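Please read the following alongside the sequence and the model. The text goes through the sheets, a helix pair and two loop residues.

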Amino acid sequence: NVRLQSATPKHTRKKNAMPVGVTVVDPKPLQSRRQQIKRDDRPTAVYEYRLDALERLGVVCKSNIPENRQDKVYFTFSSPSAASYVIRLFYKGREKPVVNMDLLLEDLLERKHNKVDILDLEYVHLSVIKLLEFLEKKFSPINGRPSLIRQASVLPPQKQQPLTIFRRPISTFHMDNTPRGKLQPYLGAIKLISLVSGSVVISILGLYAATNYYLDSNYPVPPTITRKETRRLLRGAAMREHLVPNAHIAYVFLLRALEQIYQDKQLGEESAEVQEIVVRLATAASLMGEQEPAMKMLEGCWERVADDQEVKKDSGYPDMWQKEQIGRIAKVLGPLATDKGEFDRAVQVYGVALQAARFLDTRIDVEQRDRLRAQTAGFVASLGETFALKGDYESARVLLLGLLAEIRQRNQDVGAEANRVDQWTCLDAVVMLNLAQVFAQLRSMDESSEWATSALAATAKNQGVRACDNCYTHTVYHMGTIAEAKGKNGDALVMYRKALEHGRKTKTGNIETIKSSIAKLESI
């Protein structure tokens, strides 16, 4: 976001700066950030608004324009391509705009996420949230179809309530591991090439090839999506979802891809390809804090493949895809329902997901079965959490103990491969943490402490893996709550500070809850 001209005095202007009324557009930065689109495909609508009208809408929150000139000021809004906007400020009598700003949706979303509420155009200040609402209302519909993600892109982030003793920000079992883990099979070969050739360039090319191979193998773009630009967007979204996580960028890429798919009219909203993209979009929205809109999108996808209590019959989709889609939705919808306190809904979601998993287990390839069973174990762990949150600690205890026994048996069977980083990594630690929390609620503090200690030992095997770091932060915090419950406030404070330090370093855990616990003890 750059202001293209300013009203600074002539003697203070920088070299090559442009005076007011002269618009300079440097296309190079924009070309590197925006996918090109044919001119014939670009929407041509331009909306004109007076200053006082935008003030009434809340878009303009402050004006530095003298009152005697305000009636001669007006704005135009246009959208030259998907998720990009142009705002111009005109003064009647001048042909050229006084301000000409080119904005990308991802820039506005990033500002909102960073709690930057004001967009400074020098002469006026715009409210970021109101501007997002305004642009979404004017430019989201495509061929008469309302945007699937309108709510997700304009609502302010929901304030997350402090998590209960059992809950994590979002279930660890579907939290992506670090790129180090996912590209580990290829890094040895890359290092060898680097040592033999002595060429950094060759090593970089090797890493690039490995990354492409990984994306093509694990997150291929459906062949029914033929437009090159859309395929690049989906590929870039996969990169930002799994290898270099950034929910905001992934969200924008997926949004643009959906809009292009609707423009091309090759796939309908009900198609399997579009439904998968919507689930990914909802996942990114939930990670951005947009919980309510994410749930609405997911519930819409859920109704197409499942009923309240069972897998939907005669859904119109292939059986295998339907069951896989149920799993994809449940991984996000279940934790969101739990965070809202809708425990019965979460139990229903996990129950249907486990039905679908049983169907798939006997029909998928052996190579994919281990991944499916890791996902199933995650659903069982989350189901145990949900029972505990409902207050049914005994059911949670039995369920989690049985799951832990199965995980340990699986790790023993795998043997030497147990050290690899995958969806099983630290799942045993997560279950042990849940057991520690259950026994704490059952007032068995010594047994709770033993389970927490075992969980810490399990996470230490894979430091640097996000799932393990997340579990470590929560486990250390839980050990602080045990110490506090025993009246050992000094020990509790040490553990809370340790959890806070690790949480800040790894960006895991519930930082606000930890800080609140520290402040409480320090005030005593």
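Buried here means under 20% relative accessible area, exposed means over 50%, and partly exposed lies in between, with a 1.4 Å probe and protein chains only. This is a predicted model, in which local features need pLDDT of at least 70 and side-chain atom pairs count only at pLDDT 80 or more, while totals for chains, interfaces and linings use all residues. Residues are numbered from 1 along each chain as its sequence is written, and side-chain values use heavy atoms, with hydrogens and water left out.

Helices (H or I, at least four residues) and strands (E, at least two) are DSSP runs, numbered from the N terminus. Two strands pair if DSSP finds at least two bridges between them. Strands of a sheet pair through backbone hydrogen bonds, either parallel or antiparallel.

One open sheet has 4 strands in the order 1-3-4-5, with antiparallel pairing. Its edges are strand 1 (46-50) and strand 5 (99-104); each has a single partner strand, so one side of each is left without a neighbour in the sheet. On average, neighbouring strands of this sheet are turned by 20° against each other, direction ignored. Angles are taken between N-to-C directions and run from 0 to 180 degrees, and axes are lines fitted to C-alpha atoms, for helices over the stretch in contact.

Within this sheet, strand 3 (residues 73-81) is joined to strand 4 (residues 84-91) by 7 bridges, and the two run antiparallel. Tyr74 stands opposite Phe90 of strand 4, and Ser81 is opposite Ser84 of strand 4. Strand 4 also pairs with strand 5 in the antiparallel sense, over 6 bridges; here Val86 stands opposite Asp102 of strand 5. Of the 8 residues of strand 4, 6 are buried, so this strand is largely enclosed by the rest of the structure.

Another open sheet has 3 strands in the order 2-7-6, again with antiparallel pairing. Strand 2 (60-63) and strand 6 (118-120) are at its edges with a single partner strand each, so one side of each lacks a neighbour in the sheet. Neighbouring strands are turned by 25° against each other on average, direction ignored. Strand 6 and strand 7 (residues 124-127) run antiparallel and are joined by 3 bridges, with Leu126 in strand 7 as the bridge partner of Leu119. Helix 4 (residues 128-139) packs on this sheet, touching strand 6 and strand 7, and its direction makes about 70° with that of strand 7. Contact means heavy atoms within 4.5 Å.

Further along the chain, helix 11 (residues 272-287) and helix 12 (residues 291-305) pack at an angle of about 155°, with their axes 8 Å apart. The two helices are therefore roughly antiparallel to each other; angles under 35 degrees count as roughly parallel, over 145 as roughly antiparallel, 65 to 115 as roughly perpendicular and the rest as oblique. The residues in contact include Val278, Leu281 and Ala285 of helix 11 and Met297, Leu298 and Arg304 of helix 12.

Which residues have a positive phi without being glycine? One is Arg443, with a phi of about 65°, in the loop between helix 17 (427-441) and helix 18 (445-459). Arg443 counts as exposed because its relative accessibility is 63%. Another is Lys507, with phi near 55°, in the loop between helix 20 (489-506) and helix 21 (511-522). Lys507 also counts as exposed, at 70% relative accessibility.
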